[in-house]
Amino acid sequence: MVFNTYAHLVSSVFFIVLFAHAEAYDPLDPTGNITIKWDVISWTADGYVATVTMTNYQMYRHIMSPGWTMGWVWAKKEVIWTMLGAEATEQGDCSKYKGNIPYCCEKKPTIVDLLPGAPYNQQVANCCKGGVVPSWGQDPSAAISSFQLSVGNSGTSSKTVKLPKNFTLNGPGPGYTCSQPVTVTPTRFLTSDGRRQTQALMTWNVVCTYSQFLASPSPTCCVSMSSFYNSTIVTCPTCACGCQNRENCITDSKIQSIVGENTTTNGPLLQCTQHMCPIRVHWHVKLNYVSYWRVKMSITNFNYGLNYTQWTLVVQHPNLNNVTQVFSFNYQPLMPYKSTNDTGMFYGLKFYNDLLMEDGPNGNVQSEMLLEKDMNTFTWDNGWAFPRKVYFNGDECVMPPPDSYPMPPNSANANPIASSTLSASVLLILLVFW
């Protein structure tokens, strides 16, 4: 009996640990990560000047407002003399310095990006975006954030410099785990005329990967479904995102006294719903044509206190290999494996619907998609018309149970003809024989 209990405990711990580590691997973006590159570009009397570049190589997971926060632990007693393109949130204790006072004396500095509109003499290339960084799939040219700092009380050569350690990254919340820095081949830079190459004196990389398990103990989105061939609307599963916050959610009677006031809260203002998710994605099979079928996608925000900037929606469905047209959203096919083309990323049009507003009349975005049928695989049976996986802002959404998907009537199983086409045919026959 004791042995069985012990074996059960060990197996449970094993699966928990395995699950926690597996979550950091995303099968739809297996190589996605955020790489922090630290280039030493010159030596100073007591240290060096370095350019720090953060590149988001994740295909569909971006960093939204209020932006990224980066931290590390100095290996010795380093200080930051100056900083451009970003700022340390705390100066720390610099009382032992007289005359020139360092910019930051913290052993564990916390760095944030400067806001747009920062003075030109405080800017560097790819800075000052308020910490907002798009995903690589949305805009590779903008998926970069940089700043420059002058470090003192450190080594003055590649043999005496000690690398910082224990890097942390919030984007904007938790979820990222960063490796220890690794010295790599120095970065090469091309001059503006393109005729000369220079290189960093020393370069090290830090790789940060995302885990949804670490970011949130509960899911953050769910999926509902409907179709033209069935009047049933399949809602999100009850408590899909956990009901532990139900006591703190906002009902219709409360919202009038909260929204519009300068109310300070310690958590999200989440609307009370049966699923308790901040985001709901609805997939509606809208129309059926001879060679095509049409889907409507809607994203609804149930959070009264949060706007989603540069949101992304990822869908996995076998018919995404034959997308004819997407209305109102940008579309980018994702092919993590060359042998399959069943995954795509949707995101908003700039200055039109790339901002998902807080809960309310404007707290939703929607689009329609036209897909061409492959008659060898197309069917309405067994929920084939509905997605296999859905991600919002890089987090996987909770799907309804497969046995609850809208099912077609028997006539639709035999011959999936649009109801409008069938009605027209019947009407034509009646007119002929009238």
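## A walk through the sheets, salt bridges and pockets

Let us start with one residue: Arg61 counts as buried, because its relative accessibility is 7%. Here buried means under 20% relative accessible area, exposed means over 50%, and partly exposed is in between, with a 1.4 Å probe and protein chains only. Before going on, please note that this is a predicted model, in which local features need pLDDT of at least 70 and side-chain atom pairs count only at pLDDT 80 or more, while totals for chains, interfaces and linings use all residues. Residues are numbered from 1 along each chain as its sequence is written, and side-chain values use heavy atoms, with hydrogens and water left out.

What does Arg61 form with Asp26? The two form a salt bridge, with 3.4 Å between the closest N and O atoms. Arg61 sits in the loop between β2 (48-56) and β3 (69-73), and Asp26 in the loop between α1 (2-22) and β1 (34-43), so this pair ties together parts that are 35 residues apart in sequence. Helices (H or I, at least four residues) and strands (E, at least two) are DSSP runs, numbered from the N terminus. Asp26 counts as buried too, because its relative accessibility is 10%. A salt bridge here is a side-chain nitrogen of Lys or Arg within 4 Å of a carboxyl oxygen of Asp or Glu, and a search of the whole structure finds three of them.

Strand β3 leads us to a sheet. Four strands form this open sheet, in the order β5-β6-β3-β8, with antiparallel pairing. Two strands pair if DSSP finds at least two bridges between them. At the edges stand β5 (86-88) and β8 (165-170); each has a single partner strand, so one side of each is left without a neighbour in the sheet. From one strand to the next, the twist averages 20 degrees. Such angles are taken between N-to-C directions and run from 0 to 180 degrees, with axes being lines fitted to C-alpha atoms, for helices over the stretch in contact. At the β5 edge, three bridges pair this strand with β6 (residues 110-113) in the antiparallel sense, and Ala88 stands opposite Ile111 in β6.

Further along the chain there is an open sheet of six strands. Its order is β15-β14-β16-β17-β24-β20, and its pairing is mixed. The edge strands, β15 (230-234) and β20 (323-327), each pair on one side only. On average, and with direction ignored, neighbouring strands of this sheet are turned by 15 degrees against each other. Inside the sheet, β17 and β24 run antiparallel and are joined by nine bridges; Tyr292 has Glu372 in β24 as its bridge partner. Over in β20 you can find Val326, which counts as buried because its relative accessibility is 18%. The C-alpha atoms of Val326 and Phe346 are 9.0 Å apart, with their positions 20 residues apart along the chain.

Which residues are linked in a network of salt bridges? They are Lys286, Arg294 and Glu368. Lys286 meets Glu368 with the closest N and O atoms 2.5 Å apart. Lys286 lies in β16 (residues 279-288) and Glu368 in β24 (residues 364-372), so the pair ties together parts that are 82 residues apart in sequence. Glu368 also forms a salt bridge with Arg294, again with an N to O value of 2.5 Å. Arg294 belongs to β17 (residues 292-301) and Glu368 to β24, so here parts that are 74 residues apart in sequence are tied together. Both Glu368 and Arg294 are buried, whereas Lys286 counts as partly exposed because its relative accessibility is 30%.

We finish with the open spaces. Rolling a probe the size of a water molecule over the atoms shows where empty space is left. On a 1 Å grid over the protein atoms alone, a pocket is an open set of points with protein on both sides within 12 Å along at least five of seven lines, where a 1.4 Å probe fits; lining residues have an atom within 4 Å of a point. The largest pocket has a volume of about 1,000 Å³. It is lined by 34 residues, of which Ser216, Thr220, Pro278, Leu306 and Tyr308 are the closest to its centre. A volume is the space filled by probe spheres set on the grid points, which are joined across faces, edges and corners. By class, this lining has 19 nonpolar, 13 polar and two charged residues. Ala, Val, Leu, Ile, Met, Phe, Trp, Tyr, Cys and Pro count as nonpolar, Asp, Glu, Lys and Arg as charged, and the others, Gly among them, as polar. The second largest pocket has a volume of about 430 Å³. Among its 16 lining residues, Pro134, Asp139, Gln310, Lys350 and Asp354 lie nearest its centre.
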